[in-house]
Amino acid sequence: MTKTGTDKKLDTILKKYEPRPDSLIAVLQEVQEKLHYLSEDALKRVAERVKVPLVQAYSVATFYNAFSLKPKGKYIIQVCLGTACHLQNGNQLIEELGSLLDTEMGVPTKDGLFSFEAVRCLGCCSLAPAMMINGKTYGNLTADKLKKIIKEYKAK
Amino acid sequence: MDKIIKKKDLDAFKEKGNRLLFADSVKIAVQAGTCGIASGAQEIFDFLSGQVSSGKFVLSRTGCIGLCKREPMVNVSVPGSVTVVYADMTKKLTEELLKSWIKGETPVKNSLMTLDDALYANPLKDLKLPSGHAKYRDIPFYKKQEKIALRNSGFINPHNLSEYIARGGFYTLFDVLNGQDSDKIIDEIETSGLRGRGGGGFPTGRKWRSCRNAKGDKKYVICNADEGDPGAYMDRTVLEGDPFSVIEGLAIGGYAIGANEGYVYVRAEYPLAVETLKQAIETARNHGLLGKNIFGTDFSFDIRINRGGGAFVCGESTALMASIEGNVGEPRTKHIHTVESGLWEKPTTLNNVETWANVPAVVNMGGSEFRKIGTKGSAGTKVFSVVGDIVNSGLVEVPMGMTLKELVFGVGGGIPGNRKLKAVQSGGPSGGCIPADKADIPIDFDELVKVGSMMGSGGLIIMDEDTCMVDVARYFLSFLVDESCGKCTPCREGTYQLKQILDRITRGEGKPGDLELIEEIAQVTKDCSLCALGKSAPNPILSTLTYFRDEYKAHIEKKKCPAGVCKALITYTIIPEACTACGKCLKSCPASAIEGGKKVAHRIIPEKCTKCGICFDVCAFDAVKKV
């Protein structure tokens, strides 16, 4: 049986970590980052590798906000809803993104390019309202700025 | 790689570091913390990288010096002169100013200040003060700051070990490992009166002592960098600007309590902090400052990084330890303290980033010196992130005991647009809102508790009169409903029910008796929850109820939101006489809820209006009214 690209990626990740239970979260984090979600198969293989029961891997995967059992977009937009961003109407960004990308929070766009979610405080409060796309932070956002940024990513 | 074993090795690094910090050539250091980068620092850095091959200047990067509002900032030093900090920079301005800088000139355009304070002095020779620039202490924002935890941030290159050593770094660890009794170090920390900077304010020395005395073949030290309080980012800044101080602090703590392993549990939302720390640990390891037999002594110590999974509750010590072990981050009861049975049931000392960054400084200056700073019950300084409706939003480090008023109006520069201060929210979701008329209180751990709030990790959200306190309470409650781990019922159900009631009130569906019901549920949640998350969850609602009860009543009885925030209780209308029919609001309305035409006064169609407020914001003629 030939291995798919996803399987190979998973193999590479699993090999990097020590097969101990406390590697669980770190492995899941890398799988989430590289494969954009935790599939049933991935969860099983991670659990096996770090020697924990599948139920523990599942409970960890569903407890932490960082993990998702459904695919996320290639570009993950994290809109900050910390206190400062809340006071600067960060919620408005969520609404704007919904109409801009024609999808709901947590549901990837049809082309799989984007998904957006709310996070609690990116720690850039003086730039409120702020958001992060795949680790890159954007601040002092307005509807116009948001449109421009999305356009840039679409063109990438 | 050169190992650092003897004092002369440290001295060699120090010399090298000083040469880098106070270069013989023109030196440009871009302040490139996360907030700096988001404001455009990377673009400036990239531009300068392209120019550096000219050989006319050296390029470096540094962390954030605190005044986030004025970023991106660039530190420029020309030979023989004190460093000048330029603010509000752009690539274009950099391009323009670079022409002068490389000639050894420091124009005043966009200059914020010089770093002429003793804190940044060149230990080898006096530098001359370039003329025309504001001095460090002339700037109200910096005038009363005392930097201990932030001593290096915004000045040194966080990736450069020798610059950290040039600032006295790792000398303290050297002295500690060469001849100091671990009890003596704990004595110093106890004498200093240092209290945990993460929120609880527990005496650090006492914690260390208990852990040192606890029985166990293996012990751990942990740095809590899961800075979850929204509005607080001091730990991110320390990790991004001065990671070696945390490493040195952890090593000193490890030696004092008898631990050989340390963990840093850091939020995944801080990718740059994780990366900076990772590199710093690697560098320290390569030079023998972490690993086996540090400085040739018997003491071995190493640090691992664990990234969080985006769960606020993991800032709680027992939940954090569960998470390091690879489990769900649920807290446990603390009838056995973590100093006796913590990580993997071994004695564990957990402190947060700011506390660990304080440790080398405290040991170096001596406990009694540190004690002289601050108030009787709260020694030392505290870093605050002052954000929200404030002119100088940013990170400040002030002596404990400064009044809230001075922090907001002196250091912070007051409220923008001459609006009035309404309240200051401190302590994150576990804290409370302090009303403007209580702004005279000195900030320390105990005083904040007295007014129904708490220090927390130091996030201060400044709120002006346009803030609805019911909405603020609802915001924190919804945060806690999401972040409650669900293990204990009082927290899981209590926060949920409180939020349901607040949702109703802000929708205009409040009923008589709601406030009493809130107080009853809040009390039960407070009394019966398992961990501090639940026990403190009602604070935002209780403190706003105490100080802003009338505002709640207006929502319930009059169905009005006095601050004009709660969408269900406000309507937008256009005053035809004031409308110039410019069409701006019509074009901006995302819901197509505005009608009108050329020379025809515009009108909002109530059925379509989503109350987003964009028309209100864009109207240049004050024709849109919010009622």
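Which residue forms a salt bridge with Asp88(B)? In this predicted model, the partner is Arg70(B), and the closest N and O atoms of the pair are 2.6 Å apart. The two residues come from distant parts of the chain, 18 residues apart. Asp88(B) sits in the loop between strand S4 (84-86) and helix H4 (91-101) of chain B, while Arg70(B) belongs to the loop between strand S2 (58-62) and strand S3 (74-77) of chain B. Neither end of the bridge is hidden away: Asp88(B) is partly exposed at a relative accessible area of 32%, and Arg70(B) is partly exposed too, at 30%. In general terms, side chains of opposite charge can pair when their charged atoms come close.

That bridge has plenty of company, since a search of the whole structure turns up 46 salt bridges over all chains. A few others in chain B are worth a look. Glu269(B) and Arg267(B) meet through their side chains at 3.6 Å, N to O. Here both partners are buried, Glu269(B) with a relative accessible area of 13% and Arg267(B) with 4%. Because buried means under 20% relative accessible area, Glu269(B) falls in that class at 13%, and Arg267(B) does as well at 4%. The bridge between Lys372(B) and Glu369(B), with its closest N and O atoms 2.6 Å apart, offers another setting. Lys372(B) counts as exposed at 63% relative accessibility, whereas Glu369(B) is partly exposed at 38%. Salt bridges also join up into a network in chain B, which links Asp183(B), Asp187(B), Glu190(B), Arg209(B) and Arg212(B).

Now for chain A on its own. The chain holds seven helices and four strands, and along the sequence they run in the pattern α-α-α-α-β-α-α-β-β-β-α. Its C-alpha atoms fill a box of roughly 50 × 30 × 20 Å along the principal axes. Of the 156 residues in chain A, 53% are buried. Among contacts between residues at least 6 apart in sequence, 59% join residues at least 24 apart. The accessible surface of chain A adds up to about 7,600 Å², with 54% of that belonging to carbon and sulfur atoms.

Next comes the interface. On the chain A side, 38 residues are in contact with 52 residues of chain B. Together the two chains bury about 3,400 Å² between them, and carbon and sulfur atoms account for 52% of it. Three residues stand out on the chain A side: Phe63(A), Thr83(A) and Arg120(A) supply 20% of the area that chain A buries against chain B, more than any other three residues.

As for the polar side of things, the count between chain A and chain B is four salt bridges. One such bridge pairs Lys567(B) with Glu95(A), and the closest N and O atoms are 3.7 Å apart. Across this interface, 20 residue pairs are in polar contact, both members being at pLDDT 80 or more. Several elements of chain A each supply at least two residues of the side that touches chain B, namely helix H2 (24-35), helix H4 (54-63), helix H5 (83-87), helix H6 (90-101) and strand S4 (136-138). Sorted by class, that side of chain A has 17 nonpolar, 15 polar and six charged residues.

Back in chain B, two more residues round out the picture. Glu240(B) lies in helix H10 (residues 234-241) of chain B and is buried, with a relative accessible area of 5%. The side chain of Glu240(B) joins that of Thr34(B) in a polar contact of 2.5 Å. Beyond its neighbours within four places in sequence, Glu240(B) is in contact with Gly33(B), Thr34(B), Gly63(B), Pro158(B), Leu272(B), Ala273(B) and Thr276(B). Ser368(B), by contrast, is found in helix H15 (residues 367-371) of chain B and counts as partly exposed at 48% relative accessibility. The C-alpha atoms of Ser368(B) and Tyr233(B) are separated by 29 Å, the two residues being 135 residues apart along the chain.

Conventions:
Residues are numbered from 1 along each chain as its sequence is written. Chains are lettered from A and ligands numbered from 1 in the order in which they are written. This is a predicted model: local features need pLDDT of at least 70, side-chain atom pairs count only at pLDDT 80 or more; totals for chains, interfaces and linings use all residues. Side-chain values use heavy atoms; hydrogens and water are left out. Contact means heavy atoms within 4.5 Å. Buried area is the accessible area (1.4 Å probe) that two parts lose on being put together, summed over both. A polar contact is a pair of N or O atoms within 3.5 Å; within protein, one must be able to donate a hydrogen and the other to accept it, and residues adjacent in sequence count only if both atoms are side-chain atoms. Ala, Val, Leu, Ile, Met, Phe, Trp, Tyr, Cys and Pro count as nonpolar, Asp, Glu, Lys and Arg as charged, and the others, Gly among them, as polar. Buried means under 20% relative accessible area, exposed over 50%, partly exposed in between (1.4 Å probe, protein chains only). Accessible areas come from the Shrake-Rupley method with a 1.4 Å probe; for residues, only the protein chains shown count as cover.
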